[in-house]
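Load the model in your viewer and keep a selection prompt open. Each stop below says what to select next and what is there.

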Amino acid sequence: MSCFETFQAYALRSIGIGERLLPRSDFTLCDQFVLIGSGLIWNVYFGAIAIFTGFFFANALAVAKNSHKRWLRAPANGFIFVFRGSPLFIQFFFAYFVFLSLKSVSPIFDPLSAAWLGALIVLFLNTSAYSAEIFYGALRSIPKGDLEAADAYGLSGWSRFRRVIWPTMMRLAWPAYTNEAIFLFHATTLVYFSGFPAWRQKGDALYYANYFADKTFNPFVPYPILAFYFILLTLAIIAVFGMINTRLNRHMPQELRRKIRVRPQLMR
């Protein structure tokens, strides 16, 4: 099978399009690049949806944590503490156990035991907690002069938050939030190594890399390929978030603009 034929057969296999059976022997470099790249579709799906939805929930959590009303502040603090205080890997296991229990109650909960929804919910909750802490820190760091300027212009309530507080919070938090987005995409590799099973051998990039490593007894080919794909994905995230960061700081003098610096986290 030529490399082009391999691409046609396996490029979309991870989402159920193409050959159903995985190659069993005589693995070529093309096989490994194509199948690991196919699995990356799931990593992008998990990361993109969790980041997009978690962004809005994290903003709400940060505002609630900063509230003077205890009935808002206490639940937000508790939520953030639980999801930041426990390992993501354990959260996957615990959530899968809970979802299986719900599945036995009613068929309506069946999708929760599938990775496409159940694991996505866990990632959404996890990144919301970490992002909320980032946004809360930025919210507390807003210069007093900005708030006094808003008061001087007669802004209050929603107008004050929308025109002054929220844009400043985003500008201050965005470099750290970019690192959270990068780490979340890396954390998506835990999905199929936790409680959530791969259906019909349709997993993410790490799932296929592990498959080739087990079959060939040589991890020094599939895992570097996996790392290569994630480096490309990280560069894409930095580019997209960098453009947003430039937009957020467009009014600032060049020397005062906050630049994005990637600080990889070894442990969550």
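**An aromatic pair in α2**

Select tryptophan 42 and tyrosine 45, which sit 3 residues apart in helix α2 and are therefore separated by about one helical turn. This is a predicted model. Tryptophan 42 is buried, at a relative accessible area of 16%, whereas tyrosine 45 is partly exposed, at 27%. The cut-off explains the labels: buried means under 20%, and partly exposed runs from there up to 50%.

**A pair across the chain**

Next select phenylalanine 99 and phenylalanine 196. These two form a tilted aromatic pair, with 6.5 Å from centre to centre and 55 degrees between the planes. The pair links distant parts of the chain: phenylalanine 99 belongs to helix α4, phenylalanine 196 to the loop between α7 and α8, and their positions lie 97 residues apart in the numbering. Both phenylalanine 99 and phenylalanine 196 are buried.

**All the ring pairs**

Now show the rings of Phe, Tyr and Trp. Counting pairs with centres within 6.5 Å gives 30 aromatic pairs. Back at tryptophan 42 and tyrosine 45, the ring centres are 5.4 Å apart and the planes stand at 85 degrees, so this pair is edge-to-face. For a cluster, select Phe52, Phe55, Phe56, Phe135, Trp166, Trp174, Tyr177 and Phe241, which are linked by ring pairs.

**The nonpolar core**

Which residues have the most contacts inside the largest nonpolar core? Select Ile36, Phe46, Phe92, Leu123, Phe135, Val191 and Phe196; the core as a whole has 71 residues. Helices α1 (3-10), α2 (29-65), α3 (70-85), α4 (88-105), α5 (115-140), α7, α8 and α9 each supply at least two residues of this core. In soluble globular proteins, nonpolar side chains tend to be buried together.

Centre the view on leucine 123 and display what surrounds this residue. Leaving aside residues up to four places away in sequence, leucine 123 touches Phe46, Ala50, Leu88, Phe92, Leu184, Thr188 and Val191.

**Helix α6**

Move to helix α6, residues 144-152, and pick aspartate 146. This aspartate is partly exposed, with a relative accessible area of 26%. Aspartate 146 touches Val164 and Thr168, again not counting residues up to four places away in sequence. Draw a C-alpha to C-alpha distance from aspartate 146 to valine 164: the two are 18 residues apart in sequence and 7.1 Å apart in space.

**Two positive phi values**

Most residues other than glycine have a negative phi. Select glutamine 201, in the loop between α7 (157-187) and α8 (205-216). The phi of glutamine 201 is near 55 degrees, a positive value, and the residue is partly exposed at a relative accessible area of 25%.

Then go to phenylalanine 217, in the loop between α8 and α9 (222-248). Phenylalanine 217 also has a phi near 55 degrees, a positive value. Is phenylalanine 217 buried or exposed? Its relative accessible area is 74%, so phenylalanine 217 is exposed.

**The whole chain**

Finally, zoom out and colour by secondary structure. The protein chain has 9 helices and 0 strands. Its C-alpha atoms fill a box of roughly 70 × 50 × 30 Å along the principal axes. Of the 268 residues, 43% are buried. The accessible surface comes to about 14,800 Å², and carbon and sulfur atoms account for 67% of that surface. Among contacts between residues at least 6 apart in sequence, 74% join residues at least 24 apart. Colour by charge last: the mean positions of the 26 positive and 13 negative charges are 11 Å apart.

Definitions and conventions
Residues are numbered from 1 along each chain as its sequence is written. This is a predicted model: local features need pLDDT of at least 70, side-chain atom pairs count only at pLDDT 80 or more; totals for chains, interfaces and linings use all residues. Side-chain values use heavy atoms; hydrogens and water are left out. Helices (H or I, at least four residues) and strands (E, at least two) are DSSP runs, numbered from the N terminus. Buried means under 20% relative accessible area, exposed over 50%, partly exposed in between (1.4 Å probe, protein chains only). Contact means heavy atoms within 4.5 Å. Accessible areas come from the Shrake-Rupley method with a 1.4 Å probe; for residues, only the protein chains shown count as cover. Lys and Arg count as positive and Asp and Glu as negative; His and the chain ends are not counted. The place of a charge is taken as NZ of Lys, CZ of Arg, CG of Asp or CD of Glu. A nonpolar core is a set of buried Ala, Val, Leu, Ile, Met, Phe, Trp, Tyr and Cys residues joined through side-chain atoms within 4.5 Å. Rings of Phe, Tyr and Trp (its six-membered ring) pair if their centres lie within 6.5 Å; planes under 30 degrees apart count as stacked, over 60 as edge-to-face and the rest as tilted.
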